[in-house]
Amino acid sequence: MRELLHVDQEYEYLAPLKTGDPLKVSTRIGEIKERRGMYFVTLHTDVFGGEDKKIVSNTTFVVRPKS
Amino acid sequence: MSFSPGTPLQTLLKEPFTVEQLKEYAEASGDHNPIHLDEKFAKEAGFPSVIVHGMLSASYLADFVRHHFPESDYLLVRFKARFRKVTFPGDRFTMEGEVKELLSDGRILVTLKAKNQQGELKIDGEAEVRPIQ
């Protein structure tokens with residue numbers, strides 16, 4: 001059955017990215033919540049352009065166990 | 001142009017999503033999940049047909065924000081989309097929005113909705129824009 005769906009996406013643009021900015025993207029697992037047998041998993045991502053954090057992203061997936 | 005809380009944004013009607021478009025979006029985005037491309041796979045997963053990539057459908061809301069707050073005049077500082085219902089090829093979005101709040105440093109908070117031709121809410125979300133000085 002359905003296993004994984006994207007349910008929520010948020011971006012915060014802290015500063016504009018510029019041409020030539022070296023990018024570093026780092027994602028970590030944030031919250032995991034269980035609701036009615038489904039797991040809501042939120043990933044937090046930081047995008048650095050050079051030394052500065054430029055974009056923050058929060059992504060939530062719902063994961064359903066295989067039935 | 002000045003905005004105040006409660007100001008509705010003029011609605012925008014888009015063209016329906018198509019299967020061909022999902023193939024193109026898969027190529028452009030690198031998201032080749034068969035749930036978006038393979039009818040048989042999607043049906044086996046319990047859907048009536050392939051489903052539209054969430055980020056493709058969300059891009060219509062971002063486009064709606066840009067329609068009202070163009071890049072030449074506003075920075076987009078935050079964008080959030082909540083996928084309320086799965087979107088299918090043939091769904092045709094009408095976008096709605098409203099100025100919710102005027103925040104500090106001139107930011108404008110708007111709430112966003114994408115509904116299909118049956119009036120089903122597919123995505124809701126919000127965005128913050130800041131006028132370029």
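**Figure 1. Strands E4 and E5 of chain B, side by side.** In this predicted model, Thr111(B) sits opposite Glu126(B), a residue of E5(B). These two residues belong to a pairing in which strand E4 (residues 108-115) and strand E5 (residues 121-131) of chain B run antiparallel, joined by eight bridges. A little further along, look for Lys113(B), whose bridge partner in E5(B) is Asp124(B). Where does the hairpin of E4(B) and E5(B) have a positive phi? Five residues lie between the two strands, and Gly119(B) is the one to look at, with a positive phi near 80 degrees.

**Figure 2. The other side of E4(B): its pairing with E3(B).** E3(B) and E4(B) are also antiparallel, and eight bridges join them. Lys113(B) turns up again here, this time as the bridge partner of Glu96(B). Elsewhere in the pair, Glu101(B) faces Leu109(B) of E4(B). The hairpin of E3(B) and E4(B) has five residues between its strands, and Asp105(B) takes a positive phi near 45 degrees there.

**Figure 3. E1(B) beside E3(B).** Here the antiparallel pairing of E1(B) with E3(B) rests on four bridges. To find your place, start at Leu9(B), which stands opposite Gly97(B) in E3(B).

**Figure 4. One sheet made from both chains.** What is the order of the strands in the open sheet? Nine strands line up as E2(A)-E3(A)-E4(A)-E1(A)-E2(B)-E5(B)-E4(B)-E3(B)-E1(B), and the pairing is antiparallel. Strand E2 (23-35) of chain A and strand E1 (8-13) of chain B are at the edges; each has a single partner strand, so one side of each lacks a neighbour in the sheet. On average, and with direction ignored, neighbouring strands of this sheet are turned by 20 degrees against each other.

**Figure 5. Where the chains join within the sheet.** E1(A) and E2(B) run antiparallel and are connected by five bridges. Among the residues to pick out is Glu12(A), whose bridge partner in E2(B) is Arg78(B). Arg78(B) has a second link to chain A: its side chain meets that of Glu10(A) in a salt bridge, 2.6 Å from N to O. Side chains of opposite charge can pair in this way when their charged atoms come close. Across the whole interface of chain B and chain A, there are two salt bridges and six residue pairs in polar contact. E2(B) gives the most to the side of chain B that touches chain A, contributing eight residues. That side of chain B is made up of 10 nonpolar residues, one polar and three charged.

**Figure 6. The interface as a surface.** How many residues of each chain take part in the contact? On the side of chain B there are 14, and they touch 11 residues of chain A. Together the two chains bury about 1300 Å², with 56% of that on carbon and sulfur atoms. For a close look at chain B, pick out Met55(B), Phe79(B) and Phe83(B): they lose the most area to chain A, together 32% of what that side buries.

**Figure 7. Helix H3 of chain B against the strands.** Helix H3 (residues 54-68) of chain B lies across strands from both chains: strand E1 (4-13) of chain A, and E1, strand E2 (74-83), strand E3 (94-102), E4 and E5 of chain B. The helix runs at about 145 degrees to E2(B).

**Figure 8. A salt bridge between a loop and helix H3.** Lys14(B) and Asp63(B) form a salt bridge, with their closest N and O atoms 2.6 Å apart. Lys14(B) is in the loop between E1 and helix H1 (19-29) of chain B, while Asp63(B) is in helix H3 of chain B, so the pair ties together parts that lie 49 residues apart in sequence. The count over all chains comes to 19 salt bridges.

**Figure 9. Chain B from end to end.** To put the close-ups in context, chain B contains three helices and five strands. Followed along the sequence, these elements give the pattern β-α-α-α-β-β-β-β. The C-alpha atoms of chain B fill a box of roughly 50 × 30 × 20 Å along the principal axes.

Note on methods. Residues are numbered from 1 along each chain as its sequence is written. Chains are lettered from A and ligands numbered from 1 in the order in which they are written. This is a predicted model: local features need pLDDT of at least 70, side-chain atom pairs count only at pLDDT 80 or more; totals for chains, interfaces and linings use all residues. Side-chain values use heavy atoms; hydrogens and water are left out. Two strands pair if DSSP finds at least two bridges between them. Axes are lines fitted to C-alpha atoms, for helices over the stretch in contact, and angles run from 0 to 180 degrees between N-to-C directions. Contact means heavy atoms within 4.5 Å. Buried area is the accessible area (1.4 Å probe) that two parts lose on being put together, summed over both. A salt bridge is a side-chain nitrogen of Lys or Arg within 4 Å of a carboxyl oxygen of Asp or Glu. A polar contact is a pair of N or O atoms within 3.5 Å; within protein, one must be able to donate a hydrogen and the other to accept it, and residues adjacent in sequence count only if both atoms are side-chain atoms. Ala, Val, Leu, Ile, Met, Phe, Trp, Tyr, Cys and Pro count as nonpolar, Asp, Glu, Lys and Arg as charged, and the others, Gly among them, as polar.
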